[in-house]
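Take a walk through this structure, one part at a time. Keep the sequence at hand as you read.

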Amino acid sequence: MAGLALGLLAACASIPTTGEIESWPRPAATQNAGNIAITAQGPAQGAKPNMIIDGFLTAMAQYEPGYTTARQFLTTAAAERWRPGSSVLLYSDLAGLTLSADGTSASIPSPQLIGHLDPDGVYWPAEGGVSPPLEFALEQDGDGQWRISDLPDDMGIIVSRASFNNAYQRVDMLYLDDSGRVLIPDSRYLPRGNWLRQLVESLLAGPSWRVADVVAADPVGRVGLDPEREPVLDGGVVDIPLSESIGRLLPAEATRLALQCAATLLQQVPNLAAVRLSLNGLTLALEGATLNGGLPVTEVARFDANLRPSADPPLLTAGIESVIRLGASRVEGGLDTVAGAVTALALSSNAQTAAAVAAGELILAGPNTPGTLTVLSQAGLVRPQFDRDGRLWAMAPADPDQAGDPGQAGGPTAPPGGEPTDGTGAGDALGALVWAVAGERATLVAAPALADKTVRAFRLAPDGRRVAVVADVLVAGQTQRRLGLVDIRHLDDASLSLDVWRDIPVVVDNASLTGLTDVVWIGPSTLAVIGTSASSDTNAVYQVRLDGVEPVEEIGRPGARSLVALEAAPASGAVVVLDENGQVYRWLDRHEWQILDSGVRAMAYPV
């Protein structure tokens, strides 16, 4: 067959750089964008009690060694008791301060706690319920100046969401997975300005609960920094002095440690060339060390699943007119023979093998398959996806009666022409079937994380160890559409399992997005989703961080028609959408969209 060969890929045009541009008004921002510099200042002479409280809250949100400025708002005794390094409590806001008539007590009576950061910068969401009031006591010193004499119990740092982005930065710690083949991101939030030492300390603290089941970062977690020496950047080489308590590290262990340090620091240190480990002033032996005993950062590329190609490859599409195209070129034979029935597509990373969902069947085509090969028949198959190892993943509802949701991406009745659901309704027959296809064989995969969920769309992370899932979940007799993250575990018997569902918040203006239709990865810890906010009648694309700390941000939509599917351009990372009329658009910037194609039923980039 004239399959999807590399020769065809090379001959095809990539995403066009010219074409009609459409703009759509962007709604006014409702969240603080962050990154606005605020300089903490000490208390003014004669400041009133309310100004002392406000000044203290502002000053503690700005990192400085010892929080000297923030302590100026406290009495000597209160300053000695305060432990800012114990935790960071994140509130939706810190408004509503009330004062007693004599000014000796103050309270924020109804703060809404969102979550907290532990000392390593790991975010833990709040469990809900009513947050206790924040209560302060004040007194006047010998000069008649008001100071805070007592703080809320066990208080560390407290910060509002509005100022959080100004005070903290998100950094992905990168740990090796349990196969030692790929790096897994694990987000931390560190104070802006508290630089190299805390960054390395946070990495060495080890992986958080979010990734603990899929990483094996050893010797990270059992090593620490030398308390008497600082990490130093000199001539592009970072020297990391380790504590002598670690004992002896074999070269292979030290190299694993250096690799994870290099991958993490590479995101933050301009012109980083190498990472060197030392113990008591002596450089540790590393495998592959070339630069003054350091591990070159070029070694990171072999383990980095998020490296982007130099140019965006062509987009594989199935047309309403029953034509399969790769970029501008028609694909003859193979999938073209079933093009009229195709509702979803997938393309392997080398563009050598394609998969399609057509009339309830999962079909493969490529250079190694004469014609087409049906590997699976199941009602309700959603869009499949290849992983980094060439394995094809497929999912469908366990109950055939749950198949055919017109709001699901790549379902058997997927638009153009369908009306996305709002993701709510009665129902109790939930559950998912998951397959991994290797060669010509489809094997059922254990999926305890999806046992009570009906999958409507999914996307594998580039690292192949995590999957973002849009699913229906039964809550109090009603079906709710949720976004979640699931681990892909490699078991001892070489089988696979989808374990541990973690909800990903998709809240905009204090209400969850409804009608979630599709999801795609646009960064190591960032997703784009199609959903509808409470203030809109039409769905749009939103950017979502996995941990829910940073606000969900609307990317937008190219017009008034409903969106039904998402892709992300592999090189540029630009969001590409398909609307209900079969129009394909690429997001540019400032809410502008470029028309790429029309008459399309399904689309896929190689992944």
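What follows looks at nonpolar cores, a sheet and a single serine.

The model is predicted. Start with its largest nonpolar core, which has 46 residues. Nonpolar side chains tend to be buried together in soluble globular proteins. Which residues of this core touch the most other members? They are L204, I240, L242, L257, L265, V275 and L277. Several elements give two or more residues to this core: strands β10 (168-176), β11 (183-191), β13 (237-242) and β14 (274-279), along with helices α6 (196-204) and α7 (251-266). Helix α7 gives the largest share, eight residues.

Now pick out V275. Leaving aside residues up to four places away in sequence, V275 touches V238, I240, A258, C261, A262, L265, L286, G294 and L295. Another core lies apart from this one. That second core has 39 residues, including I52, A61, A79 and I114.

Turn next to a sheet. Four strands make up an open sheet, in the order β19-β18-β17-β43. The pairing is antiparallel. Strands β19 (329-330) and β43 (600-604) each have a single partner strand, so they stand at the edges, with one side of each left without a neighbour in the sheet. Strand β18 (residues 324-326) pairs with β19 over two bridges. One residue to find here is R325, whose bridge partner in β19 is R330.

Finish with S149. This residue sits in strand β8 (residues 146-150). Is S149 buried or exposed? S149 is buried, because its relative accessible area is 15%, and the cut-off for buried is under 20%. Beyond its neighbours within four places in sequence, S149 is in contact with T75, A78, R81, A137, L138 and E139.

Definitions and conventions: Residues numbered from 1 in each chain as written. Predicted model: local features only at pLDDT ≥ 70, side-chain atom pairs only at ≥ 80, totals over all residues. Heavy atoms only, no water. Buried < 20%, exposed > 50% of the residue type's maximum accessible area, 1.4 Å probe, protein only. Contact = heavy atoms within 4.5 Å. Pairing = 2+ DSSP bridges. Core = buried A, V, L, I, M, F, W, Y, C linked by side-chain atoms within 4.5 Å.
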